[in-house]
Amino acid sequence: MSLLRDIEWEPCLLEPRPDPELSDRLKKRFGRVSPSTHYFAPCAELSESIAALNGLLLVRVNVDQDLLDKVGVVVSQDNSCRYCYAIQRAMMFAVGVSDEKLRRLAHEVHTGDLTDRERAAIEFTRRVSRANPLPRRDEARRLEDAGFTDMQVKEIASIVAINVFFNRLSTLPALPPGRMEALPDRWYVKLARPLLGRFIEGMRRPMNPTKLDSSEVEGPFSTVVLATNGLPLARELRRLIDVLLSDGALSRRSKALVFAVVGRALGCEYSVEEGTRIAIESGMNPGSIDEALDHLVSEELSEKEKQVLGLARETVWYQPAPIQRRARQVRDELTTPEFIECIVAASTANMVCRLGAVAVDRP
Amino acid sequence: MSDAVWLVALLIAAAIPAGLYWRSRREVEDLSRRLDLSASQLQSLQLSFSRFAPDEVIERIIADEGNVKGDRVEVAVVFADLVGFTALSEEVEPDVLVGILNGYFERMSDAIAAHRGHVSKFIGDGILAFFGALSRNPWQCNDAAHAALAMQAALKEYNGELRREGLPSLRVGIGVHHGVGIAGLVGSRELMEFTIIGRTVNVAARVQDLTRRLDGDIIVTDALLEKLDPRFDSRPLPASTVKGVSEALQVYAVDGYSGVAPVEAAPISADSP
């Protein structure tokens, strides 16, 4: 994992803009404000959804913490995300996991020094994370043969999907990892470690299953949302999708097209169909949508939309520094809220497509 | 025996296991350090190789699973070859020729990478590149055609540089085809490579040959044109027979792109992982 710290990383594309009102709201709701929140503050509602999802990385329902830690390590490795790894390292340091143990964990998932059950879960994690190709639901069911319940499989997929979301969300704007990387080495953090550990252990807790209300069952991408029903992700995903697909700085149709393009890139027909349906609902000509999906250009697309879709396709597989340079070109063409919505849409689309592994049967 | 002798004996008896413990601990630490280093080198290799083969293939190689199975993949193939290179090689000095060729390969590789392709190999003065081989790419035909145009533009610029240095200009013929190929590790134990084999690759090479006979520097097949953005300026060429294909191939020349310039992939710097 030390390699991740050597990965080339561009200067950040967003300015942190603390919003006291938003911070108060988040403190009331989650008890803390994540440092990344300030970068997305110009889109307050989205920022709140992101904070809620962030909290979900710490909770579990049916799967043991040790396995979830390994899943997190695998996704960070696969996506070469320095920011995500820095957060993970800082958190594990706080709960008493030394750098040496973390390295050992990284070796284990890398060299396959695992139990059969863990190996099955890690292989599934990699398949969902890489999505090259996207695993089918019957592959997810194979995990049940390794002793996992249906809900445990869904939880593993959910954790991978949330990690994939945060990998994109932090890599695309090149959120600065420096502070987080240095945190475990600061003397005052070392001193406060026992206290911090207790605080974080308190957050890393098992949760009871939560069911969606009837009002939350309907809406865009409901198949994926429903597949996670019972997990805390379901409600936050519903909320994130609803906020994202309301008209904001970018139009609803632009963001729907991002889902369709990412779906097309990953071979997730469900995301293509839902994205297309919403774009048609928003008044776009079906012929133009087909053209945009086939060629990423269409007369009906605005220049901004062409830029956004061009970036969306790149978010599926990437190397951090090149995608950040590409994001910089798009950033220059968009306002700050437009850019934030663009990267949140691409990150969410990547998450939704990964969740398709446990939600959608493919031919 | 005196107390002093007992004390010395006791100290020696205690020192031996302590020394052994200290030594074995150092060995464990040393092994651990070496393991860390090996793992880092392994990860570094994996990251480097991921530009040339899919992650799964690399992992299977690392796990020494030997038999890496072949997969059918949908792929767009670009085959480029310099026209008149043999004559050129007889005209200029060997070191100048190598310099010209390396400059050409570098520019062509950049143009290919900028459109999300990867160079599989250089064959003499030829280049074989794939689009969609390492990861799924539904836009591979457009990417391949854009790459072919970018290669042509890069060569035009390079020819300017060559002329200024009093060197002869180059001309490239490019064949582009789309179809299904077999992706896998091919070769002997000593020399193995990840590549695509099959009819699709052969056809691209044969279509490239047509640039010598027909009016077009970039020639694509109808299988590729079918998936191509209509904004590409294409014109039909006479149906042509090529070696290894029983029926005449309908081919087209691609002369340009009339739409807005496509979004290029972000450049990958030499020190990228």
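**Exercise 1. Pairing around strand S4 of chain B**

Find which residue of S6(B) stands opposite B:Gly175, and then work out how S4(B) pairs with strand S6 of chain B.

*Solution.* In this predicted model, the residue of S6(B) that faces B:Gly175 is B:Ile219. Stepping back from that single pair to the strands themselves, S4(B) and strand S6, which covers residues 218–221 of chain B, run parallel and are joined by three bridges.

Next, determine which strands of chain B run antiparallel to S4(B), taking strand S1 and strand S5 in turn.

*Solution.* Begin with strand S1 (residues 71–82) of chain B, which runs antiparallel to strand S4 (residues 172–187) and is joined to it by twelve bridges; within S4(B), B:Gly179 is the residue that stands opposite B:Val75. Turn then to strand S5 (residues 192–197) of chain B, which is also antiparallel to S4(B) and is linked to it by six bridges, with B:Glu193 of S5(B) serving as the bridge partner of B:Val186. The connection between S4(B) and S5(B) is a hairpin that passes through four residues.

**Exercise 2. The domains of chain B**

State where the two domains of chain B begin and end, and how many Å separate their centres.

*Solution.* The domain assignment places domain 1 of chain B at residues 1–49 and domain 2 at residues 68–257, a range that can be located directly on the sequence. Taken over C-alpha atoms, the centres of these two domains of chain B are separated by 57 Å.

**Exercise 3. The overall form of chain A**

Describe the secondary structure of chain A, and explain what its radius of gyration says when set against a compact globule.

*Solution.* First, count the elements: chain A has 21 helices and zero strands. Second, consider its extent, for which the C-alpha atoms fill a box of roughly 60 × 45 × 40 Å along the principal axes. Third, apply the globule rule: a compact globule of 363 residues would have a radius of gyration near 21 Å, and because chain A has 20 Å, the value agrees. Fourth, look inside the chain, where 52% of the 363 residues count as buried, and where, among contacts between residues at least 6 apart in sequence, 74% join residues at least 24 apart.

**Exercise 4. How the domains of chain A meet**

Work out how many residues of each domain of chain A are in contact with the other domain, and which helix gives the most to the side of domain 1 that touches domain 2.

*Solution.* Chain A is divided into domain 1 (2–203) and domain 2 (240–359), whose centres, taken over C-alpha atoms, are separated by 24 Å. In the contact between them, 36 residues of domain 1 of chain A meet 35 residues of domain 2 of chain A. On the domain 1 side, the elements that give two or more residues are helices H3 (44–56), H8 (137–145) and H9 (150–171) of chain A, and H9(A) gives the most, with twelve residues. Sorted by class, this side of domain 1 of chain A has 25 nonpolar, five polar and six charged residues.

**Exercise 5. The nonpolar cores**

Identify the largest nonpolar core and the residues with the most contacts inside it, and then trace the contacts of A:Ala346.

*Solution.* The largest nonpolar core has 118 residues, and A:Ala157, A:Val258, A:Val262, A:Ala346 and A:Leu355 have the most contacts inside it. Helix H21 (residues 336–359) of chain A supplies the largest share of this core, namely 15 residues, while domain 1 and domain 2 of chain A each contribute at least three. Leaving aside neighbours within four places in sequence, A:Ala346 is in contact with several residues, among them A:Leu172, A:Val258, A:Val262 and A:Leu311. A second, separate core has 53 residues, including B:Val77, B:Leu155, B:Val201 and B:Val203.

Note on methods. Residues numbered from 1 in each chain as written. Chains lettered and ligands numbered in written order. Predicted model: local features only at pLDDT ≥ 70, side-chain atom pairs only at ≥ 80, totals over all residues. Domains from an automatic or database assignment. Rg over C-alpha atoms; globule rule 2.2 N^0.38 Å. Buried ≥ 20, exposed ≤ 12 C-beta atoms within 10 Å, placed from the backbone. Contact = placed C-beta atoms within 7 Å. Pairing = 2+ DSSP bridges. Core = buried A, V, L, I, M, F, W, Y, C linked by C-beta atoms within 7 Å. Nonpolar A, V, L, I, M, F, W, Y, C, P; charged D, E, K, R; others polar.
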